[in-house]
Amino acid sequence: MPLPPYIDRAAEAAGYTFQLKPDGTIHVRGDCNVSGGSFTLKEADLAITITHSTRAACPDGSLEDAFIRDLNRTGRFLLRNGGLYLDLKLDSGTMEFRE
């Protein structure tokens, strides 16, 4: 199974972040927009729904659309060896985050 494009190009995606807030909202930063939405968390199950975003035009080669798409596909999470892993639904991949 191929990796999501931003994993293959991890150095380019280094600034992509998200923050889960205590009120159930999520704040996302890509390379050209800021997005947000909500999440639900129950044990290791994590569902993310991105509902809004700024609308700046992204440059050619931007990975932002794939990043947002895959955040919306999150089904579970795992913390291991200092990394956060988001398993995507339907065994479609895993997103890895490190500080």
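Biologist: What relative accessibility does arginine 76 have?

Modeller: This is a predicted model, in which local features need pLDDT of at least 70, side-chain atom pairs count only at pLDDT 80 or more, and totals for chains, interfaces and linings use all residues. Residues are numbered from 1 along each chain as its sequence is written, and side-chain values use heavy atoms, with hydrogens and water left out. Buried stands for under 20% relative accessible area and exposed for over 50%, with partly exposed in between (1.4 Å probe, protein chains only). Arginine 76 counts as partly exposed, its relative accessibility being 42%.

Biologist: Which residue forms a salt bridge with arginine 76?

Modeller: A salt bridge is a side-chain nitrogen of Lys or Arg within 4 Å of a carboxyl oxygen of Asp or Glu, and here the closest N and O atoms are 2.6 Å apart. The partner is partly exposed, with a relative accessible area of 38%. Arginine 76 lies in strand S5 (residues 74–80) and its partner in strand S4, so the pair ties together parts that are 31 residues apart in sequence. That partner is aspartate 45.

Biologist: In what order do the elements of the protein chain run from the N terminus on?

Modeller: Helices (H or I, at least four residues) and strands (E, at least two) are DSSP runs, numbered from the N terminus. The secondary structure of the protein chain comes to two helices and seven strands. Their order is α-β-β-β-β-α-β-β-β.

Biologist: How many salt bridges does the structure hold?

Modeller: Besides the pair of arginine 76 and aspartate 45, glutamate 96 forms a salt bridge with arginine 98, where the closest N and O atoms are 2.8 Å apart. Glutamate 96 is partly exposed at 38% relative accessibility, and arginine 98 is partly exposed at 47%. Arg69, Asp70 and Arg73 are linked in a network of salt bridges. For the structure, the count is four.

Biologist: Is aspartate 70 buried or exposed?

Modeller: The side chain of aspartate 70 meets that of arginine 73 in a salt bridge (3.4 Å, N to O), and arginine 73 is partly exposed, with a relative accessible area of 34%. Aspartate 70 has a relative accessibility of 2%, and therefore counts as buried.

Biologist: Why is helix H2 largely enclosed by the rest of the structure?

Modeller: The residues of H2 that are buried are Glu64, Ala66, Phe67, Ile68, Asp70 and Leu71. H2 is largely enclosed because, of its eight residues, the number buried is six.

Biologist: How many residues does the largest nonpolar core have?

Modeller: A nonpolar core is a set of buried Ala, Val, Leu, Ile, Met, Phe, Trp, Tyr and Cys residues joined through side-chain atoms within 4.5 Å. Among the residues with the most contacts inside the largest one are Phe18, Val28, Ile48 and Phe67. At least two residues of this core come from each of S2, strand S4 (45–53), helix H2 (64–71), strand S6 (83–88) and strand S7 (94–98). The number of residues in this core is 16.

Biologist: Which side chain does a polar contact of 2.9 Å join to that of asparagine 33?

Modeller: Asparagine 33 sits in the loop between strand S2 (25–29) and strand S3 (34–42), and it is buried, with a relative accessible area of 5%. A polar contact is a pair of N or O atoms within 3.5 Å; within protein, one must be able to donate a hydrogen and the other to accept it, and residues adjacent in sequence count only if both atoms are side-chain atoms. A polar atom of the side chain of asparagine 33 also lies 3.3 Å from the backbone nitrogen of arginine 55. The side chain joined at 2.9 Å is that of glutamate 64.

Biologist: Which cysteine does a disulfide join to cysteine 32?

Modeller: A disulfide is a pair of cysteine sulfur atoms within 2.5 Å, and in this one the S to S distance is 1.7 Å. The link is right-handed, with 70 degrees about the S-S bond. It connects distant parts of the chain, 26 residues apart: cysteine 32 in the loop between S2 and S3, and its partner in the loop between S4 and H2. The partner, partly exposed with a relative accessible area of 30%, is cysteine 58.

Biologist: What distance separates the C-alpha atoms of histidine 27 and glycine 37?

Modeller: Histidine 27 is found in strand S2 and is partly exposed, with a relative accessible area of 31%. Not counting residues up to four places away in sequence, histidine 27 touches Thr17, Phe18, Gln19, Lys21, Val34 and Ser35, where contact means heavy atoms within 4.5 Å. Glycine 37 is 10 residues from histidine 27 along the chain, and their C-alpha atoms are separated by 7.0 Å.
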